[in-house]
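Dear colleague,

Please find below the structure that I am handing over to you, with its sequence. My findings follow directly after it.

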Amino acid sequence: MTAAIDLTTLKTEHGPAFRNSGWVGKKQNLFTVSAGIDAADALNTASDLLDAAMTPIFDAGMGEPLEGNQAWLAHHAIESAKAVIDSVRQAMEAKMADSA
């Protein structure tokens, strides 16, 4: 049986990097997730980002055209949320490895 991980004491890991900048071949990411953020707070922020992206995506699925930069806004929100979730996952894996 795996021990429960307390999200109030678990902290984010440094990275992952996200948001490609410049020509894609350069493979340079502009942002990274900061280390040391409470995992519960980070996951709440990821949830908020995904919530913000859901409305325009749902509307597009229902046949409403995306206006202005809504597609890019949703893309960046999802990319940011994924980076946060990946960082918390890395922290959980490291904590589990330390416990083994």
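Beyond its neighbours up to four places away in sequence, L49 touches A77, S80 and A81. L49 itself belongs to helix α1. L49 counts as partly exposed because its relative accessibility is 26%, which falls between the limits of 20% and 50%. From L49 to N69 the sequence separation is 20 residues, and their C-alpha atoms are 16 Å apart.

Please note that this is a predicted model. The mean pLDDT of the protein chain is 89, and 97% of its residues reach 70 or more. Confidence is highest in helix α1 (residues 39-61), with a mean of 95, and lowest in strand β1 (residues 17-20), with a mean of 84.

Helix α1

Helix α1 comprises 23 residues and spans 32 Å between its first and last C-alpha, close to the 33 Å expected at 1.5 Å a residue. A kink of about 30 degrees is present in α1 at M54, shortly before the proline P56. The buried residues of α1 are A39, A42, A46, A53 and P56, and what covers them includes α2. One of these buried residues, A39, is in contact with L7, L10, K11 and V88, leaving aside neighbours within four places in sequence. Just after α1, G63 adopts a positive phi of about 95 degrees.

Helix α2

Helix α2 (70-99) has 30 residues and reaches 43 Å from its first C-alpha to its last, close to the 44 Å expected at 1.5 Å a residue. Its buried residues are A74, A77, S80, A81, A83, V84, D86, S87, V88 and A91. The cover over the buried residues of α2 includes β1 and α1.

Two residues of α2 deserve separate mention. The first is S80, located in this helix. Why is S80 counted as buried? Its relative accessibility is 19%, and the cut-off for a buried residue is under 20%. Apart from neighbours within four places in sequence, S80 is in contact with F18 and L49. The side chain of S80 also reaches the backbone oxygen of H76 at 2.9 Å.

The second is E79, likewise in helix α2. E79 counts as partly exposed because its relative accessibility is 22%. Setting aside neighbours within four places in sequence, E79 is in contact with F18, R19 and N20. The side chain of E79 reaches the backbone nitrogen of R19 at 3.3 Å. E79 and A17 are 62 residues apart along the chain, yet their C-alpha atoms are separated by 10 Å.

The nonpolar core

Which residues make up the largest nonpolar core? The core has 11 residues: L10, F18, V33, A39, A42, A46, A81, A83, V84, V88 and A91. Helices α1 and α2 each supply at least two residues of this core. Helix α2 gives the most to it, with five residues.

The segment before β1

T12 is found in the segment before β1. With a relative accessible area of 4%, T12 is buried. Not counting residues up to four places away in sequence, T12 touches V33, S34, A35, G36, I37, A42, S87 and V88. Among these contacts of T12, V33, A42 and V88 also appear in the list of the nonpolar core.

Backbone angles

Most residues other than glycine have a negative phi. Two residues are therefore worth checking against that background, R19 and K27, since a negative value is the usual case. Phi of R19, which is not a glycine, is positive, near 70 degrees. R19 lies in strand β1 and counts as partly exposed, at 30% relative accessibility. K27 is not a glycine either and has a positive phi of about 50 degrees. The place of K27 is the loop between β1 and β2 (29-32). Is K27 buried or exposed? At 71% relative accessibility, K27 counts as exposed.

With kind regards

Definitions and conventions: Residues numbered from 1 in each chain as written. Predicted model: local features only at pLDDT ≥ 70, side-chain atom pairs only at ≥ 80, totals over all residues. Heavy atoms only, no water. pLDDT = per-residue confidence, 0-100. Helix = DSSP H or I, 4+ residues; strand = E, 2+ residues; numbered from the N terminus. Buried < 20%, exposed > 50% of the residue type's maximum accessible area, 1.4 Å probe, protein only. Expected span 1.5 Å × (residues − 1). Bend = angle between axes of the 7 residues up to and from the residue. Contact = heavy atoms within 4.5 Å. Core = buried A, V, L, I, M, F, W, Y, C linked by side-chain atoms within 4.5 Å. Polar contact = N/O pair within 3.5 Å; in protein donor to acceptor, adjacent residues only side chain to side chain.
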